[in-house]
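The following exchange examines the terms applied to a protein model. Each answer sets a computed value beside the criterion on which the term depends.

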Amino acid sequence: MTWSADFPMPVPSILVTSLLAFVPAASAICAQEGGEATVRPDECRIRARGNIRDDGSFSFWDDGLLGDWFGVTDAQRVTVAVLASGKTIGGEPPTAAVEVIGVDGTPREVGRIRVTSSAAERHELTFAVEAEFFGVQLRHVNRRAGEGPNNLRHLVVNEIRVRGARRSPGGLAEYAFFGEARADEAGQPPAGAGESIETANLTLRLVPEQGLWSLQHKPSGGALTGVRPGIHIRGLPVDLGQYESEFEVRQAVEHELGRFTKVRLRYTKADELGIECDLLLSTDGHELIARLSFANETGRELVVGRGAPIVAREVSLGGRVDEWTVIGDAKSNAHPYQTVQAGELTEFECWWYAAAKNRTTGRSVLLGSLTNNKGLGRFLISPGTETTLRAAAYSDYEGCIMPPGARIEGEWMLVHFGERGTDSLERFGDLIARAHGIDLMKQHPIDPYNPDRVSIFTAWNSFGASVVRGFDYKHDRAKGNRAFMDPAWVKANRQKLYDLGLQHFGYARTGPVNVQGAGTPLVRRYGQPDFWFKAAQQIHDEHPEYYVNGRIDFSHPDVIAFERGRVERAFEGKTGIVRYGWDFTNNWQKLPDQHDPFMTSAETYRTAVGLWRDAGRRHPAGAYALVWMNIPGLNYDRLDVIHIGHDSDRGYGGPGLTFTHGLTRQISGRYFLNGRVWWNSPDSFHVYVGGLYTYDQAKVHASYCSLSGNLVHLGEPFTDEEIPEDRLDIIRRVGPTTPDVARAVDVFEHSPARLWDMAVTRPFGEWHVVGLFNVDYEQTGEPITQQIRFEDLDLSPEREYLVYEFWSRRFLGVKKGGFTRTLSAPDCEVYCIVAKQPHPVLMSTSRHVRQMAYDVIDLAWADATRTLSGVSKVVQGDPYELRIFVPEGYALAEAEAGDLTVQTETNGSVLLVDFTAAASQDVAWRVRFAGGGGG
């Protein structure tokens, strides 16, 4: 079957948009004209919202995409042949739109293929191209014939062939920014040319008339060279050499992001663009922050693809590229961060940030989008030389239509050089918070001792407890499809939680709490009606003009006014803490034919959710927002708690997943946002679920959730199981949470991270809680051996430390420099690491896996009386144990804990002091020693 692109629509041209001051050579794309490329679905580099089946074919979901990148040397006709099968419903077969993507990034439909056979047949479409580089993608346009799974026009693609063009090794962004050339033949400033600007740690060399600059980090020797801005606008090549240029330098500029030397470059040309590029060089820090803004002075509408303040032909860290690891984030919460060895990458595209680390020296460089108010932060890393990579940091404006006279205020892009990779990641998180005025510890603090707030962060999760695949739920299914929809089931579980006494460990409200729900923002599913949000059905029926393709249009001012009224009513009469939340925004995107085509998805989302944030800030008792399936980069300064990863276990993702499959990789690559930009929620954990979880799995799952994030949500279906005592003990040991946050120490080395370090600081002391995890992500059953180096934990390699493992109740000894552990699969260990002193030291307690961080509220050593004393928060009926290191020369004299009975046991250099309280209380205890050097 052959369909011509000439059928009822014109054939659009593929308009190549030049990079600023750099036009890639067409000849590099193809060694010869024409050719034929065959692409299997699992090889495609354009693929979204679908499923690769066992036979290698691709089954589309709604708005699914499939395709790849191609090139020709001259304008010519190209034929796309698709081997596909489909399911016809109501006389209408599944139809795939064939779209061609130019270098500006905007897809344009060139024809459609109707798949009429349920057996795989070849379908062809011929169209003209006028560009040397383009993408071809298929989009299923009519999958749904009605509600329900039986009304889906299934479309399955086995193969794509493109005749008249050759498949390109590079992707869209790589070609647009760098062309196909790999050699360093262009883009470098002449030696000694331009202006030189110095700060304490940075040197900027600038060639203003070319928009060209280089940056060197003095302490590490890392550098970006051959850097220029880039703008992709359909049909408007931009050559800075043809623009008039000027620049100014201002010293000691105070900015919300810090203290900087500010460089502003201006470029003007009649009837084209007015361009500004700001470069902020930290006065005494290790970063440059760049922004590219531009105004439309052409007198006509422009279709804007990308704006890149940083396109670097060379990024260097010292040493060879094959010594580097590159990581970057994915767009939505459900997709994990990515790790690639730099010497092996062909092209690496990611969102929100990209970072590289030299594994030999530890030095790092990070590119990150501090703001995503209009453009979505995206990053491209591609091969350069043996010692350099190429990098582009850009904002994706999604083909928005820019009116004449309009201006795009660019996003702030960070370049940071670090001594180690996690330095750069954490500085990135700090600057995101500063860019948005976020002070989480003041605006939304975690106080585990405040009964009004503890249950916000530590709770039983009815949804997580009700959806584990393979568990036999006994609730009344007539009341709902899932157990959490049955109020009687939820009530019975909450009662069982109380019967088990878990409220004393933070899982229930322990005081006069008044947390009130305030409804659901309309951003949920773009306001599409669903079974959780029935009010959306009424809105849909009463205001069809608010919708585009079934999704609510937040670019319409009437929609914003309507939502503002809903928000005001939602907060009326609320006297206590208000909680509101939303879900299903992880596929948020710019809508076709929306009311205001100049607004991007970032603008529509942030405008709508900002109404709720502003109302929450005005609420006298405070409010907090929680979002689940989401796009992290859109939520800066829009929420307080974020479900940071995919759902945490087999209950959400189907068979074949490990018990932590959805949790571990996503939260590793976003750990640095926790406690800085928002509180990370790692989803609910499970410990038994009728025997689906072994003890080791339960220990790993609970410990990982407790250390990696700051929400502890338990997902046990208590009423449907008899939970063993050892699993109850795990539940008790991980709640409630505390405001301390952990660092994914080896986030560059392992995906997911294995080693997590939580530095705990209190007025009476400092120590580290460190978790080592073998989650057996790939289900190999293989043990791991890991060296834990004290210098990686910001501890002195020259000092001696005490190491105590929580779950096994084992003192691992006095260590210097570090130690090595081997873990079976799955397993974990959680260590408390305390500096050794010449006197007895409290090195662990039994109450909480975050050893001493929650329960010890005062601690002191009195040398004169040889007494270690403190105050501990204990739970009624829960045996409490102090683990004290006793150096040589000291011996126990006496121990007391208020009026409680105290038992002691000495095992070598470890003294155990045990007591149990009949009621939850703060217990003052005292342990006096004989001997030693005291008076």
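The questions below concern helix packing and strand pairing in this predicted model.

Q: Why are α7 and α8 called roughly parallel to each other?
A: The axes of α7 (residues 557-571) and α8 (residues 601-618) cross at roughly 25°. Angles under 35 degrees count as roughly parallel, and the two helices are therefore given that description. Their axes come within 10 Å, and α7 passes α8 in a right-handed crossing.

Q: What makes α7 and α8 helices in contact, and which residues meet?
A: Contact requires heavy atoms within 4.5 Å. On the α7 side, the residues are Ile560, Glu563, Arg564, Arg566, Val567, Ala570 and Phe571. They meet Thr607, Ala608, Leu611, Trp612, Ala615 and Gly616 of α8. By class, this contact has eight nonpolar, two polar and three charged residues. Gly counts as polar under the classification, so Gly616, a contact residue of α8, is placed in that class.

Q: How do you know that β50 and β53 pair?
A: Two strands pair if at least two bridges are found between them. Seven bridges connect β50 with β53 (residues 921-931), in the antiparallel sense, so the criterion is met. One of the bridge partners in β53 is Phe929, which faces Leu892.

Q: Why do β47 and β50 stand at the edges of their sheet?
A: The sheet is open, with four strands in the order β47-β48-β53-β50 and antiparallel pairing. β47 (856-862) and β50 (890-897) each have a single partner strand, so one side of each lacks a neighbour in the sheet. From one strand to the next, the twist averages 15°.

Q: What makes β46 and β51 edge strands in the sheet ordered β46-β49-β52-β51?
A: This open sheet also has four strands, and its pairing is antiparallel. β46 (841-845) and β51 (903-907) have a single partner strand each, so one side of each is left without a neighbour. The twist here averages 25° from one strand to the next. Five bridges join β51 to β52 (residues 910-915), and Asn907 stands opposite Val910 in β52.

Q: How do you know that β2 has a covered face and an uncovered one?
A: In β2 (residues 36-39), Ala37 and Val39 form the covered face, whereas Glu36 and Thr38 form the uncovered one. In a regular strand, side chains alternate between the two faces of the sheet. β2 also pairs with β10 (residues 155-163) in the antiparallel sense over four bridges, and Thr38 stands opposite Arg161 in β10.

Key:
Residues numbered from 1 in each chain as written. Predicted model: local features only at pLDDT ≥ 70, side-chain atom pairs only at ≥ 80, totals over all residues. Heavy atoms only, no water. Axes fitted to C-alpha atoms, helices over the stretch in contact; angles between N-to-C directions. Buried < 20%, exposed > 50% of the residue type's maximum accessible area, 1.4 Å probe, protein only. Parallel < 35°, antiparallel > 145°, perpendicular 65-115°, else oblique. Left-handed = near helix turned anticlockwise from the far one by under 90°.
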